[in-house]
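Visitor: I have a few "how do you know that" questions about this one. Can we go through it together?

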Amino acid sequence: MTKRFGTLLALDDVSLTLAPGSFHAILGQNGAGKSTLVKCIMGYHRPDAGRLLVDGRDHAVVNPREAHARGFGMVYQHFTLVPSMSAAENLILGRADLPAVIRWDEERARIEEFRRRMPFTLDLDRPVAGLAAGEKQKLEILKQLFLGRCVLILDEPTSVLTPDEADQVLGLMRDLTAERRLSVVVITHKFREALAFAREVTVLRAGRRVGGGPVASLSRQDLVRMMLGSATLAEPATRVARPGQAVALELEALTAENDKGLVAVRDASVAVRAGEIVGVAGVSGNGQRELVEVLAGQREPESGAIRVRGEPYGRTRAEMRRHGIFVLTEEPLHSACVRGMSVAENLAFRTFDEPANTRGGWLVSRRALRRQARALIDAYGITTQGPDARLETLSGGNVQRTVLARELSGEVSVLIAQNPCAGLDVAATVEIRNRMVAARNAGAAVLLLSEDLDELLELADRIVVMFEGRFVYETPRDGADLHTIGHHMASHA
Amino acid sequence: MMELGWWGVLVAVAGGAVRVSTPYLFVSLGETLTEKSGRVNLGLEGTLVLGAMSAYGVAHLSGSPWLGVLVAGVAGAAFGLVHGAVCSLARVNDIAMGIALFLLGTGLAFYLGKPFIEPVAPRLPHLAFGAWSDSPPVRAALDVSPLFVAGAVLAPALRWALGNTKWGLVVRTVGDNSDAAKALGWPVSLVRTLATMAGGFLAGVGGSFLSLHYPGTWNEALSSGQGLMAIALVIFARWDPVACFYASLLFGGATALGPALQSVGVTTNYYLYGAAPYVLTLGLLVYSSSTKHTLVGAPSELTISR
C-alpha cells in the first residue's frame, strides 16, 4: 500500500499479511506511518496504490462502516466512547442493526450473558466520563468484542494503563488469538510489549517496511536497529549527586476541585528539594492535571498552602519570575500556547515585557522577539518555517519543543512537568529527559508527573504515587519496585 | 374577582404559568434537541416570531387554525434547514448564523405580517378543564390549550426517545463526541441539520400558540424575547426535556406575575413586575454558572469557537 499526503510520502509500498488467530505488532517511531497504514485498512484513508485482500479476495474498503461489516474493528488512541453515556449505552452504540426502539431489558440480558464470558468486569451503569482511563480502554475492547469483530486493531492500547493493566489487556488479546477467536494488530513503540505478547512483528520507518517476522527470531537489539535506522540516540545524562539541599517547593495539604466540582486533589503534601526530581506516578485522571493547573496558576485551590523557598506562593506572574518557576503542562498546544500566534510570540510569553524585549519600557520590540526566537529555535532544534510561522502549523513534537524552550531557557529553580514526553519519538524523548536532568544538576527542584513508569524510574530521585487525588505511597528510586508502585497506582494498599 | 384576594394572585399566576409557558416549552424542547446534537440555534426567537406570523396569516386566509399551526412548524423547519445546512459548511460558526437568522426571521415576519395586524384570525379551541367551577378566575386559569397538553406529553416523550431509541442515541453521540460518531459511520452534519430542523419545527409551533391562543393576535411586540429566554432556560434545565417543562412553567408564572397583581389592584410598579421573567433569566444564569466548574450535562460538542 502507498499513501501520499501532498508531497509527504506517508506510506511507501508496505505489505502486511495477517493470518487468522495471529497477534501482530506494528512497531515504529512517531511519523513512521503506523497509523496511516491501519487507517487505510479501516477505510479512513484511500490508499493511492495497493490492494486489500480479505480471504484472498480483493476488497476496496471505502469507509469505516464497510470495514466494520467485514469484521474489522479498531480501538483508537483517543477514546471514541461517548462520555455522557453509560457503559451499556456505549456498548450497543456500534451495532450496525441498532433497532429503532431499544428494548433495554433484552439488550441488558444479552450484555450480561456476554459479560460472563469475558475475563474482566465493568460497572455498566456508570457514565463513561467517570471511568478511569484503564477502564475506558477495557470498555473499548469489550465493545469491539461485543460487536463480534474478528480482526481487532489496537492503536497504542497501553499508553494510559498501569503495567498490570497493560499486561492484563495484552494477555487477554493473546489468549483470544490463541483460541483463534480473533486476529489482533497492535500498534506500539514499546519493544517490551511487542516481544512479550505478539507472535509476529512488522517494523516501519519513514513509511517503509524495514523489517519484521516472527517475534521468536528477533532480539530487542534487532528491533531497535530497525526502528531507528542510522540515527543514534543521545547518551542518557549522568546525574550529579546533590544531597542535603534546601526545600525549594513545598505543598501542604493542598486540595483542589475539578471542572465538575468534585474533589480532584486531596490533602496533597510533598516537599521537593533543590537539585532533586520528585516523580509523581499515577494513572491519568487521578488529579495530576488539576494539581499542575493549580501550580501553574490556572486553577484556584480550595485549601492548603504552597510555599516556594519558604515563602507563600500566590502563583502570580511576578512570583513565578522572581522565583524562577516554570511549568510544562500536559497538552501544551491546548493549555500553554496560543495556536494562532507566531512561534516567536509563543516563545516570548514569559519574557516579552522584560527590558531586553521592549522599547521605552512598554512597547514590545518585534525585532527583539524574533532574535530571541531564532536563538531558541536553533538551540532546541525546533522545526518550523521561521519565527513568524503560526504555532498551529507545527507538529506535536515541535510544539512540545517550543514550550520546552520557553520554560527551560530561563533561570529555572522550580520546574513542574506533566507527561513531558507523551507522544514524542525516542530521539526527542531522550533529549527532553536529558534537559530535565541537566536542570536538576544545575540545582532546580523538579516535580515530574508522568504516566510512564519507566520514565520516572529513569529520572526521579524519589517517587510518590498519586491515587484519587492523594499521595498514597512514597519510595526512593533506589530500591523502588515496579509492581509495588503499580499496585498502589491501582488501589489503596 | 376580588373575592379570592391574594389567592386570586396565586390562581392567576398558576393559570398564567400554564397559559404563558407553552411557547417557552416548545422552543426549549426544540433547542434541547438541537443542542443535544452539538449545535446551538440562537435563531429560534426569529423562528418563533415567524411562526406566529405565518400561523396567523394562514389561519386568517384559510379559516383553519390547525393549518396555521402546521404551516408555522413547516416554516420553522425550513429555517432550521437553512441554519443546519449553512453550519454544515466548514468554518461557519453556528452562533453567528443563529443571530443572523434571528434578525432575518423577525424582519421577515414584520415585513410579511404587515397586512395581518388588523384582520382577525380564528383561534385555536381550548380545553375547558375548569367547567366544574363557578369562579371565573379558576375557570380562566384552567382554560388549557391543546398545544400545552401536546407539549406536556412531548417533554417526557423526548426524554424517553433520547435514551431509548436509535435516533436518540445517534443524536447524543453526535453531540457528545463527533469523532466517535464518525468512527461509527454516522453522518454528523446530516444528523445535526435534521435535529436543527426538528427544533425549528417545534419553535414554529410555539410561535403559532402566541398568535392563535395567547395573547391571540398578531403584532410586532408579540414575542418580546421569549425565544431567547427559552434558550437560556435550556441551560438552566441542564438539557433535560422534563426539566424544560418545569422551567417553562416557572418562566410562565413569572411572566404572569404583573397581570396577576394588577387583577387584585396592585397597579404600581406594573412594568417592574413585567420585567420578572428577564430578571429571573439573569438570576438563574448567574446561579447556574460557575467560574470553576463546567456545566454538568452539557453536550461536549457545544462550543462558541467552531
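Guide: Sure. One thing to keep in mind is that this is a predicted model. To start with the broad layout, the C-alpha centres of domain 1 of chain A and domain 3 of chain A lie 39 Å apart.

Visitor: Which residues of chain A make up those domains?

Guide: Domain 1 covers 3–228 and domain 3 covers 339–410. Domain 2 comes in two pieces, 234–324 + 411–493. The bounds come from an automatic or database domain assignment.

Visitor: Now the sheet in chain A. What makes β6 and β10 edge strands?

Guide: Look at the order, β6-β7-β8-β3-β9-β10, in an open sheet of six strands with mixed pairing. β6 (72–75) and β10 (208–214) of chain A each have a single partner strand, so one side of each has no neighbour in the sheet. From one strand to the next, the twist averages 15 degrees.

Visitor: How do you know that β3 and β8 of chain A really pair?

Guide: Pairing takes at least two bridges between the strands. Strand β3 (residues 23–27) and strand β8 (residues 183–188) of chain A are joined by five bridges and run parallel, so they count as paired. One example is A:Phe23, whose bridge partner in β8(A) is A:Val184.

Visitor: What packs on that sheet?

Guide: Helix α1 (residues 34–42) of chain A does, touching β3, β6, β7 (151–155), β8 and β9 (200–205) of chain A. The direction of α1 makes about 150 degrees with that of β7(A). Helix α8 (residues 220–228) of chain A packs there too, touching β3, β9 and β10 of chain A, and its direction makes about 30 degrees with that of β9(A).

Visitor: Over in chain B, why are α6 and α7 called roughly perpendicular?

Guide: Helix α6 (residues 146–164) and helix α7 (residues 166–176) of chain B pack at about 80 degrees, with axes 5 Å apart. The label applies from 65 to 115 degrees, so α6(B) is roughly perpendicular to α7(B). The contact is made by B:Ala161, B:Leu162, B:Gly163 and B:Asn164 of α6(B) with B:Trp167, B:Gly168, B:Val171 and B:Arg172 of α7(B). By class, that is four nonpolar, three polar and one charged.

Visitor: And how many residues are in contact between the chains?

Guide: 18 residues of chain B are in contact with 25 residues of chain A. On the chain B side, α7(B) gives the most, with five residues. That side divides into five nonpolar, eight polar and five charged residues.

Note on methods. Residues are numbered from 1 along each chain as its sequence is written. Chains are lettered from A and ligands numbered from 1 in the order in which they are written. This is a predicted model: local features need pLDDT of at least 70, side-chain atom pairs count only at pLDDT 80 or more; totals for chains, interfaces and linings use all residues. Axes are lines fitted to C-alpha atoms, for helices over the stretch in contact, and angles run from 0 to 180 degrees between N-to-C directions. Helices (H or I, at least four residues) and strands (E, at least two) are DSSP runs, numbered from the N terminus. Angles under 35 degrees count as roughly parallel, over 145 as roughly antiparallel, 65 to 115 as roughly perpendicular and the rest as oblique. Two residues are in contact if their C-beta atoms, placed from the backbone, lie within 7 Å. Ala, Val, Leu, Ile, Met, Phe, Trp, Tyr, Cys and Pro count as nonpolar, Asp, Glu, Lys and Arg as charged, and the others, Gly among them, as polar.
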